[in-house]
Amino acid sequence: MKSSDCIFCRIVAGDLPAAVVYDDPQVVAFLDTGPIQPGHTLVIPKTHADTLHTCPPESLQAVSQVLGRIAHAVVKATQCDGYNCLCNNGRVAGQSVDHVHFHIIPRFAGDGFMQNWPAQSYAEGQMGRMAAEIKKKLE
Ligand code: AMP
């Protein structure tokens, strides 16, 4: 994707307005315009990458340097009981903007968000085989 087609790149370039809460040379954070809760914040690397797995490590490192600090500020500002830090990748996972971003979503007891976590279990031997396969892909 060209960055001129990317709404988050346009925010980085200053071509689209945003409620910016944090800005440094590599990272910007701003409020989500469709918040799950007030204070729902998006943290993005300024350099365009579609997804987490295609994002250069330097960009992720820059984000990780400040993600916890921004989350802490959201906690203090919203007085939330907890928060989810989510990075959706691919349409099937709910990604609608193809510029990697981390949601910080304030959570409150009984808010009803993400009630469904349909955990499965592994068949005998399946977990070890899966782990071996992923390890191989990391070599
Ligand atoms: P995702 O579905 O994980 O790709 O999340 C994209 C998020 O970006 C959604 O929660 C949208 O509400 C939010 N969003 C879309 N356009 C804007 C915008 N111009 N400024 C702030 N947030 C936006």
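Reader: Which two elements have the loop with Gln79 between them?

Author: Gln79 sits in the loop between H2 and strand E4 (82-86). Helices (H or I, at least four residues) and strands (E, at least two) are DSSP runs, counted from the N terminus. Bear in mind that this is a predicted model: local features need pLDDT of at least 70, side-chain atom pairs count only at pLDDT 80 or more, and totals for chains, interfaces and linings use all residues. Residues are numbered from 1 along each chain as its sequence is written, and side-chain values use heavy atoms, with hydrogens and water left out.

Reader: Why is Gln79 called exposed?

Author: Its relative accessible area is 62%, and exposed means over 50%, buried under 20% and partly exposed in between (1.4 Å probe, protein chains only). So Gln79 passes as exposed. Its phi is also positive, near 60°, though the residue isn't a glycine.

Reader: What makes Met114 partly exposed?

Author: Met114 has 32% relative accessibility, so it falls in that in-between class. Met114 is in the loop between strand E5 (102-107) and helix H3 (126-138). Its phi is positive too, about 50°, again in a residue that isn't a glycine.

Reader: And why does Thr78 count as buried?

Author: Thr78 comes in at 19%, so it makes the buried class. It belongs to helix H2 (residues 57-78).

Reader: How do you know that the side chain of Thr78 and the backbone oxygen of Val74 make a polar contact?

Author: A polar contact is a pair of N or O atoms within 3.5 Å; within protein, one must be able to donate a hydrogen and the other to accept it, and residues adjacent in sequence count only if both atoms are side-chain atoms. A polar side-chain atom of Thr78 is 2.8 Å from that Val74 oxygen, so the pair fits.

Reader: What makes Asn88, Gly94 and His101 polar contacts of the ligand?

Author: Same cut-off. A ligand oxygen is 2.9 Å from a side-chain N or O atom of Asn88, a ligand oxygen is 2.7 Å from a polar backbone atom of Gly94, and a polar side-chain atom of His101 is 2.9 Å from a ligand oxygen. So each pair is within the limit.

Reader: Which elements give two or more residues to the shell around the ligand?

Author: Those are helix H1 (7-12) and strand E2 (27-31). H1 has the largest share, three residues.
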